[in-house]
Amino acid sequence: MLGLALSALVGSDLSAQQVQVDSLADAITGGSLSLELRPRYADISDAETNENGHAWTMRSIVGWRTAALDDFRAVVEAIHTDVVDAYHIRTDAAQYGTSTYPLLPDPRSTDTNQVYLEYLGLPDTRVRLGKQPIRLDNERFFSDVDFRQTPALFSGLTVVNNSLPDTEVYAALLNRIRTVFATQARTRIWLLRIAYSPAQGQSVAAYAYGLNQPQDGNDIWLNDASHQVFGLRAEGVVPTSLGFSALYTAEAAHQRHYAGGDPLIEADYWRLGGGVVWPRLAGFGVRVDREVKTSNSGQYGFQTPYEDTYAFNGWALQFTTTPPTGLRDTWLSLRAQPGRFTLVAEAHHFGATSGGSDYGNERDLRVAYAATHSLTLKLQHARFHGGESGGWVDFYDVTKTWLSLTYDY
């Protein structure tokens, strides 16, 4: 549903009439301000370190979006993330794996955020050059990981075209990424996605990307993790005459070594799920999904290095890297939206696709309250119970709780 909404949003933006101004001064003064403030409290209990820590962090983003001048417009943002208070917790990624305290990947930093130039002079097309977020479909493969206080951003050229009926073509060439750890990394990525909507609420997409980046010191113990991915995805919402709508998601992809990548990189991905939602019952919905990242003989598991790590495989973030023995995730999710509240619950069971290990299970709960159009209060809780070894790391019990307040202008 998120992917369909994003596609619709992009399409409407490209088709909208752009207001043009006559001078650079008018483009600047006729622009619009963007502002986001997000204080957040995090509490983490980690059985591996036998520690309980907490921290207050703050995200502040301010930016300006100009009006269009000769079919060009610019977006410039600055971001500051701060660690207001931290007790028995580490926020520096350099200490990951060596600290005796749990890691909270929300470091203190000051940086530019989105900085890009758009060209809108071609029919049904948007060309964007610069530092920008990339969110494709359900953000399984490319995301800005907005849950983290420092979002991930990509630098390069992206093009979106909606010339064909009910079709969107997206292409990108990228050469740098700002990670959620506020670090910079050079990269070489090409990306192509073609999505078609055969009916209202339905979407079918084919995608491919290539990553040429040795990633020295990466978490999967390979000297070169360069790879390609080719995949197909279908999802939709089908209304019925019985007062509910049926939901479905089906996706499959193959990953292989590329541009000097390690020959061990050869694995598959698939997801199949569905459910029902009752719009008249406060949007109450229930669904069951099964997702599998296969393993190459227990030596390499399908990787998704630029995914929205928070949105998949549990909120406790125990599987930001797939174990060499693969990952199988079966989960039940419930959602409702009574009034200004949004309620979400998930129950996961994790296991290996090679060797049959039981990684553990997790329970997640989220309550969000939209106090106003611009102000949202959110409480989130994740409880992971570890199972057997993943072939390269043991899984320990972890409990995480977040309380955040977000103001958007």
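How many nonpolar, polar and charged residues make up the lining of the largest cavity, sorted by class? In this predicted model, the lining divides into six nonpolar residues, one polar residue and five charged residues. The cavity itself has a volume of about 90 Å³, and the structure holds four cavities of 30 Å³ or more. The lining of the largest cavity is drawn from L136, D137, N138, E139, R140, F141, F142, L191, R193, Y207, Y209 and E251. Strand 10 (184–196) and strand 11 (202–211) are the elements that give two or more residues to this lining.

Two of the lining residues, D137 and R140, are good places to begin a closer look. D137 sits in the loop that runs between strand 7 (125–132) and strand 8 (153–161). Its backbone is worth a glance in a viewer: D137 has a positive phi of about 50 degrees, although this residue is not a glycine. Most residues other than glycine have a negative phi. The relative accessible area of D137 is 11%, and the cut-off for buried is under 20%, so D137 counts as buried.

A second aspartate, D166, invites comparison. D166 also has a positive phi, here about 60 degrees, and is likewise not a glycine. This residue belongs to the loop between strand 8 and strand 9. At 53% relative accessibility, D166 counts as exposed, whereas D137 is buried.

R140 leads from the cavity to the salt bridges, of which the count comes to 20. R140 pairs with E291, and the closest N and O atoms of the two are 2.7 Å apart. This salt bridge links distant parts of the chain, with E291 in strand 15 (residues 284–293) and R140 in the loop between strand 7 and strand 8, 151 residues apart. Both partners are buried: E291 has a relative accessibility of 2%, and R140 has one of 1%. Elsewhere, salt bridges that share partners join R73, E118, R126 and R128 into one network.

The loop between strand 7 and strand 8 also supplies a partner to the salt bridge between R59 and D146, whose closest N and O atoms are 3.0 Å apart. R59 lies in strand 3 (residues 51–65) and D146 in that loop, so the pair ties together parts that are 87 residues apart in sequence. How do the two partners compare in exposure, buried or partly exposed? R59 is buried, with a relative accessible area of 0%, while D146 is partly exposed at 33%.

Another salt bridge from this loop brings together the side chains of D106 and R148, with an N to O distance of 3.0 Å. D106 lies in the loop between strand 5 (72–87) and strand 6 (109–119), and R148 in the loop between strand 7 and strand 8; this pair links distant parts of the chain, 42 residues apart. D106 is buried, with a relative accessible area of 2%, and R148 is buried as well, at 3%.

A further arginine, R178, can be described through its contacts with backbone oxygens. R178 is found in strand 9 (residues 167–178) and counts as buried, with 2% relative accessibility. Its side chain reaches the backbone oxygen of T112 at 3.2 Å. A polar atom of the side chain of R178 also lies 3.0 Å from the backbone oxygen of P151. Beyond residues up to four places away in sequence, R178 touches I79, D111, T112, N113, K131, T150, P151, A152, L153, T183 and Q184. T112 and P151, whose backbone oxygens were just described, thus appear again among these contacts.

The last site is a glycine, G351, in strand 17 (residues 341–351). G351 is buried, with a relative accessible area of 0%. When neighbours within four places in sequence are left aside, G351 is in contact with G326, L327, R328, S357, D358 and Y359. The C-alpha atoms of G351 and V292 are separated by 9.4 Å, although the two residues stand 59 residues apart along the chain.

Conventions:
Residues numbered from 1 in each chain as written. Predicted model: local features only at pLDDT ≥ 70, side-chain atom pairs only at ≥ 80, totals over all residues. Heavy atoms only, no water. Helix = DSSP H or I, 4+ residues; strand = E, 2+ residues; numbered from the N terminus. Buried < 20%, exposed > 50% of the residue type's maximum accessible area, 1.4 Å probe, protein only. Polar contact = N/O pair within 3.5 Å; in protein donor to acceptor, adjacent residues only side chain to side chain. Contact = heavy atoms within 4.5 Å. 1 Å grid on protein atoms, 1.4 Å probe; cavity = no way out; pocket = protein on both sides within 12 Å on 5 of 7 lines; lining within 4 Å. Points joined across faces, edges and corners; volume = space filled by probe spheres on them. Nonpolar A, V, L, I, M, F, W, Y, C, P; charged D, E, K, R; others polar. Salt bridge = Lys/Arg side-chain N within 4 Å of Asp/Glu carboxyl O.
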